Amino acid sequence: ASLLLLASTVRSFCGYAVGAWSVPFFRQCHPEHASQFALANGAFIAIGGTVSTIAGGWLSDRLVQRRPGRQLTAHRGLLVPVAGSLLCIPL
């Protein structure tokens, strides 16, 4: 459990750092497109965050559901955030 806490902390820290520094970086590198970036960034965060939260919660609930005659496996619900974090790794 302590490794999961550590991994979640590092993942959140990195995500917030990227979120905090991407806007000033883009504004400095491409000042002529700052308003377009702000609109696109806001739309991606709002739409992507809403859809991924609802879809991830639904999928986690489906993975954890108790089936008749089978044991409840709560750890299967962790596969969704793990997969989401791995998909964010730049190649």
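**Figure 1. The whole chain and its surface.** The protein exposes about 7,700 Å², and carbon and sulfur atoms supply 72% of that area; accessible areas come from the Shrake-Rupley method with a 1.4 Å probe, and for residues only the protein chains shown count as cover. Please keep in mind that this is a predicted model, in which local features need pLDDT of at least 70 and side-chain atom pairs count only at pLDDT 80 or more, while totals for chains, interfaces and linings use all residues. Residues are numbered from 1 along each chain as its sequence is written, and side-chain values use heavy atoms, with hydrogens and water left out. Buried residues make up 4% of the 91 residues, where buried means under 20% relative accessible area, exposed means over 50%, and partly exposed lies in between (1.4 Å probe, protein chains only).

**Figure 2. Three helices in a spread-out arrangement.** The protein has three helices and zero strands, and reading along the sequence gives the pattern α-α-α. Its radius of gyration is 18 Å, well over the 12 Å that the globule rule gives for 91 residues, so the protein is more spread out than a compact globule. For this comparison the radius is taken over C-alpha atoms, and the rule is 2.2 Å times the number of residues to the power 0.38. Along its principal axes, the C-alpha trace spans about 60 × 25 × 20 Å. Helices (H or I, at least four residues) and strands (E, at least two) are DSSP runs, numbered from the N terminus.

**Figure 3. Confidence along the model.** The mean pLDDT, the predictor's confidence in each residue from 0 to 100, is 85 for the protein, and 96% of residues reach 70 or more. Confidence is highest in helix α2 (residues 34-64), at a mean of 90, and lowest in α3, at 84.

**Figure 4. A nonpolar patch that includes Leu86.** Here Leu4, Leu78, Val82, Leu86 and Ile89 make a nonpolar surface patch of about 460 Å². Patches are made of residues with over 30% relative accessible area and no salt bridge, joining like charges within 9 Å and nonpolar side chains (Val, Leu, Ile, Met, Phe, Trp, Tyr) within 5 Å. A salt bridge is a side-chain nitrogen of Lys or Arg within 4 Å of a carboxyl oxygen of Asp or Glu. Leu86 itself lies in helix α3 (residues 79-87) and is exposed, with a relative accessible area of 55%.

**Figure 5. Thr9 and the cysteines.** Thr9 sits in helix α1 (residues 2-29) and is partly exposed, at 46% relative accessible area. From its C-alpha atom to that of Ser52, 43 residues away along the chain, the separation is 20 Å. Two cysteines can be viewed as well: Cys14 is partly exposed at 43% relative accessible area, and Cys29 is also partly exposed, at 39%. A search of the whole structure finds zero disulfides, a disulfide being a pair of cysteine sulfur atoms within 2.5 Å.

**Figure 6. Ala43 and Phe44 in helix α2.** Ala43 is found in helix α2 and is partly exposed, with a relative accessible area of 35%. Its C-alpha atom is 28 Å from that of Arg62, with their positions 19 residues apart in sequence. Phe44 also has its place in helix α2, and is exposed at 64% relative accessible area. Phe44 and Ala20 are 24 residues apart in sequence, and their C-alpha atoms are 15 Å apart in space.

**Figure 7. Ile54 in helix α2.** Ile54 belongs to helix α2 and counts as exposed, at 58% relative accessibility. Measuring tape in hand, so to speak, one would find 24 Å from C-alpha to C-alpha between Ile54 and Ala17, which are 37 residues apart in sequence.
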